[in-house]
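Student: Could you walk me through how the helices pack in this one?
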Amino acid sequence: MMDIDYGREVWEDWTVKDFIDSLQTEIAMIMGGVSYIKPFKSKDELEAYIISNQPYYKLKIPEVIEYFACKYGLNQ
């Protein structure tokens with residue numbers, strides 16, 4: 001697992017933690033099976049979802065992906 005700098009600014013005052021917080025609820029619903037989207041089976045599926053659903057910034061943020069991959073056991 002990589003060390004995560006939650007305070008690192010990614011985009012216009014948005015930090016890694018801000019992006020994590022913005023996705024937390026919907027990813028929890030997906031992984032808990034209470035969403036129309038099926039739970040992710042791989043880190044690649046998770047990554048694609050995160051990139052397309054994080055607000056404002058549609059590029060890969062490795063710390064955000066790593067946080068959720070570790071949380072849900074999707075590290076490869």
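Tutor: Let me fix one term beforehand: contact means heavy atoms within 4.5 Å. This is a predicted model, in which local features need pLDDT of at least 70 and side-chain atom pairs count only at pLDDT 80 or more, while totals for chains, interfaces and linings use all residues. Residues are numbered from 1 along each chain as its sequence is written, and side-chain values use heavy atoms, with hydrogens and water left out.

Student: Ok, which residues of α2 are buried?
Tutor: Taking buried as under 20% relative accessible area with a 1.4 Å probe and protein chains only, they are K43, L46, E47, Y49 and I50. They lie on the same side of α2, because they cover an arc of only 165° around the axis, the arc being that of the directions from the helix axis to the C-beta atoms.

Student: And what covers them?
Tutor: The cover includes α1 and α3.

Student: How do α2 and α3 cross?
Tutor: Their axes, lines fitted to C-alpha atoms over the stretch in contact, with angles from 0 to 180 degrees between N-to-C directions, come within 10 Å and cross at roughly 130°. The contact joins K43, L46, E47 and I50 of α2 to V64, I65, E66, F68 and A69 of α3.

Student: Switching topic, what does I50 touch?
Tutor: Leaving out residues up to four places away in sequence, I50 touches L23, I27, V64, I65 and F68.

Conventions:
Buried means under 20% relative accessible area, exposed over 50%, partly exposed in between (1.4 Å probe, protein chains only). Helices (H or I, at least four residues) and strands (E, at least two) are DSSP runs, numbered from the N terminus.
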